Amino acid sequence: MMSIDPALAAPVNDRPFWTKGLPAAEFVKIQEDRLKQAQASIDRMLAVKGKRDLENTLAPYDEVLTYLDSAAQQSGLMQEVHPDKAFRDAAEGVAQKISAFGTDLSLNRPVYDALASMELTGADADTKFYVEKTLRQFRLSGVDKDEETRKKIKALNDELVLIGQEFARNIREDKDKVIAENVGELDGLPQDFIDAHKPGPDGKITLTIDYPDSIPVLTYAKSEALRKRMFFAYQNRAYPQNMAVLDKMAARRFELANLLGFKTWADYVTADKMIKTSTNASEFISKIVAASKERGQKEAQELLARKRKDDPTATQINRWETAYYSELLKREKYSFDGQKVRPYFQYQKVKQGVLDVSAKLFGVTFKRVTDAPVWDQQVECWEMFEGGKLIGRFYLDMHPREGKYNHAAQFGVRNGVEGKQIPEATLVCNLPGADPNDPGLMEYDDVVTFFHEFGHLLHTLFAGHRKWIGVSGIQTEWDFVEAPSQMLEEWTRDAKTLQTFAKHYKTGEPIPAEFVEQQNRANEFGKGLQVSTQMVYARLSLSIYDRSPSEVDTDKLVKKTYSDISPIPYVEGTHMQTSFGHLDGYSAIYYTYMWSLVIAKDMFSKFDKKNLLDPAVAMRYRKAVLEPGGSKPAEQLVEDFLGRKPGFEAYQAWLNSDATARK
C-alpha cells in the first residue's frame, strides 16, 4: 500500500506550513528529514520484485516528488523572504542539498527503468500523460547517458545551483541609495511621497532603489538629475559582482547542454516547451519586433517632440526620460494625469478588491487567518474556500524590507494533491502601504502587478487538486505559465470592475468611469515601446544562451540588442544584465512572456467585455485551463477553452488598437 508521512498527507495536512518562532536549525532539519523520507520511498520503489504497476511503482515515485516539492519550495521561499540573514543563508544551504537530491533522482537509471516498465493498461489520461512527461524529462536530464557522463552532469547541475543563488543574492542584497540634495529635487512627485520622505539634518533626502521609490521618481520627478541618478543606480544593481557570475552561469550551462547532446543551452531549454526549438523562439521574437517596430518608432518620436518643448536642442530621448515624458504626454494629449488616480488605489482597498473580484469570478470565498504563524509581522495568511470546504491557503508578503526579494512574484509553498494535502503559495511584492502613517497609495502599474501575480496564485491553488503531485499545480509548459496571470490583468482596465474597490481614500467615492476611460486611452501610448523593451529582454535572454560563451560579451550584447530593437538608445555605463534575475530562472526563454500574452489575448476574446464580472465564462475557463494543472499539454488546455487552436489575431488587434476603453 502507498504510504505518505502524516506530516505531509491530508486530511491532517491542512495546517499552515510555517511554525511560529521556527529556528533556522529546525527548519533545515525538517527539509533534511523530507529528503530521508524521499529516499525511503525510492528504496521501497526499487525493492519491488516482479510486475510493476501504478500502486507499487508510480505511487511511491509520486511520494518522492511530494517530499521534494515541499522541501524545495519552502527553502526557496525562505532564502528570499526571511527577515534574518542567517536564516536565509541556512535556507540557501539546505536548498543546495535538495537540488542535489533532485539531480541525483533525475539521473537515477534504475528509477527510470522502473517507471518505463510499468503496466499502464487501464490507466486514466492524467496518469498516462504524467508517465509520458516524466520519462521524457528523465531523458532530457541525461538519465540514458553513460555513468561517467552522468557524473559530469550532476557536478554541473550542483555548481549551477550555487551560481544561481549567488546571482540572486547579489541582486537581493544590493540596497544602494539615491540622495536627493533637497526637497526641491522632489518637485513633481506626489505629495504623499514627499510627506513620507523627510529630509535629514543636512536637508538631504535618502531614497531607496526599490519600486515604491524608484518608479515614482522616474515617472514624476521634474529634476532630470534626480531621475538620472535613480536610473543609473537601478540599472547597475549587483554590478560589478554579477558580471563574472553571469559569465560563469552561461559557460556552465553551455557545457551541460553539450553533455546532454544539444548544441547550445537555448536548444536544450526549449526542447520541452510549446515553442519546441530555439530557432522557433528566435523567429517568434523577430515576428513580434517586426509587428511592433513602426508603432514604437512613432511613439519615440512623439516623446522627443514633447522633450523639445522643454529643450529645443534635444536630439534624442534618454531611457531615464521615457516614463517622465510619457506621463507628460498622457496629461497633455489625453488630459490624463497618473497622479489623479493614485488616491483611488489605496493598498488595503486594492487588496480587498483583488480578493473580491477573484471570489466573484471563480466561485470561492477568502478568509484571513489572523492567528496563523508567519515569518514576519507584515505577512498575512489567507484561506480559500469553496462550498465551505478549505481548498487552498496563501500568504501575502507585500511590502519592502531589508534583505527581501525586491521584485514581484508568486512563490509556491507546496503543491496540492487531492485527498492528501491542500495547495499553499505565497505572493511576494514590494508595494507601498506598510507604514501606518502612510495611506499606501499605489501606482496604477502596481495594481496591474497585484492582479498579475494573483493570477499565478489562483492557478497554483485551482490546479492543486489533481490525483498526482507530478501533474498538480503550475506544471504546464513554461511558455504557457504567464498566460493566466496576464489575462487577469484585463480586469484592471474595466471601469465596472475598478469601481468595486478603487475608492478615494479620503472621500470613499469610486473612481469615475471617465478617469478609467482616459487612463485606458492614455495607456495605449507607449504600447509599442513597451513591446520593444520586452523583446530586448527576450532577445538578450536567448542570445546569451544560443551560442558558445566564447562569443558572448554581455555588455556588447546588451548594447547591440538595444540598438537593433529599441528606438530608445542604450545608455553607456549601465549594466542591466547584472540585475536581470530571469537570466537565471528563465535563462534563454524570456520570450515566454510575450508568447503567453499572445495566448492570453486570445483566451480573453471569449469574455463579455461589457460584463467582465459575469462568472459564467470565468468558471468555464477555471475548469478548462486552471484546474487541469500539468495534466495535459498546454495547447490542449487552450483548445479546450477556445474550441479551436490558439491564434495570433487577437494579439495583433490589441497591438494595433488605439484605445481599450470599454463602454
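Is Lys85 buried, partly exposed or exposed? Hold that thought for a moment, everyone, and let me introduce the structure. What we have here is a predicted model.

Back to the lysine. Lys85 has a relative accessibility of 39%, so it counts as partly exposed. The side chain of Lys85 meets that of Asp89 in a salt bridge, with 3.0 Å from N to O. Asp89 has a relative accessible area of 31%, so this residue is partly exposed too. Both residues belong to helix α3, which runs over residues 85–106, and they sit four residues apart, about one turn of the helix. Here the general rule helps: an α-helix has 3.6 residues a turn, so residues three or four places apart point the same way.

Let me step back to the whole chain. The protein chain holds 25 helices and seven strands. Its C-alpha trace spans about 85 × 60 × 55 Å along the principal axes. For 663 residues, a compact globule would have a radius of gyration near 26 Å, and the chain comes out at 25 Å, so the two agree. Of those 663 residues, 59% count as buried. If you like contact statistics, take the contacts with a separation of 6 or more: residues 24 or more positions apart account for 75% of them.

Now, staying with α3, let me move along to Leu105, which lies in that helix. Leu105 has a relative accessible area of 6%, so it is buried. What is Leu105 in contact with, leaving aside its neighbours within four places in sequence? The list is Ile42, Tyr61, Val64, Leu65, Leu68, Val111 and Phe138. Take Val64 from that list: Leu105 and Val64 are 41 residues apart in sequence, while their C-alpha atoms are 9.4 Å apart in space.

That brings us to helix α2, residues 54–81. With 28 residues at 1.5 Å each, α2 should span 40 Å, and its end C-alpha atoms are 38 Å apart, so expectation and model agree. How many residues of α2 are buried? It is 22 of the 28, so the helix is largely enclosed by the rest of the structure. At the start of α2, a side-chain oxygen of Asp53 comes to within 3.1 Å of the backbone nitrogen of Glu55.

Next, charges. Side chains of opposite charge can pair when their charged atoms come close. Searching the whole structure gives 54 salt bridges, and I have picked a few beyond the Lys85 and Asp89 pair.

One pair is Asp126 and Arg466, whose closest N and O atoms are 2.7 Å apart. This pair links distant parts of the chain: Asp126 is in helix α5, residues 125–141, while Arg466 is in the loop between α15 and α16, 340 residues apart. Are the two partners buried or exposed? Asp126, at 14% relative accessibility, counts as buried, and Arg466 is buried as well, at 19%. The cut-off for buried is under 20% relative accessible area.

Another pair is Glu418 and Lys389, with the closest N and O atoms 3.5 Å apart. Glu418 lies in the loop between β6 and β7, and Lys389 in strand β5, so this salt bridge ties together parts that are 29 residues apart in sequence. Both ends are partly exposed: Glu418 has 37% relative accessibility, and Lys389 has 47%.

There is also a network of salt bridges, which links Glu80, Glu92, Arg169 and Arg172.

Since β6 and β7 have come up, let me say a little about them. Strand β6, residues 409–414, is mostly covered, with six of its six residues buried. How do β6 and β7 pair? They run in the antiparallel sense, over five bridges, with β7 covering residues 424–428. One of the bridge partners to look at is Glu424 in β7, which faces Arg414.

My last stop is a histidine. His575 sits in the loop between α20 and α21. Its relative accessible area is 9%, so His575 is buried although it is in a loop. Setting aside neighbours within four places in sequence, His575 is in contact with Gln235, Asn236, Tyr239, Met243 and Asp555.

That is my tour. Thanks for listening, and I am happy to go back to any of these residues on the screen.

Key:
Residues are numbered from 1 along each chain as its sequence is written. This is a predicted model: local features need pLDDT of at least 70, side-chain atom pairs count only at pLDDT 80 or more; totals for chains, interfaces and linings use all residues. Side-chain values use heavy atoms; hydrogens and water are left out. Buried means under 20% relative accessible area, exposed over 50%, partly exposed in between (1.4 Å probe, protein chains only). Helices (H or I, at least four residues) and strands (E, at least two) are DSSP runs, numbered from the N terminus. Two strands pair if DSSP finds at least two bridges between them. The expected span of a helix is 1.5 Å times one less than its number of residues. A polar contact is a pair of N or O atoms within 3.5 Å; within protein, one must be able to donate a hydrogen and the other to accept it, and residues adjacent in sequence count only if both atoms are side-chain atoms. A salt bridge is a side-chain nitrogen of Lys or Arg within 4 Å of a carboxyl oxygen of Asp or Glu. Contact means heavy atoms within 4.5 Å. The radius of gyration is taken over C-alpha atoms; the globule rule is 2.2 Å times the number of residues to the power 0.38.
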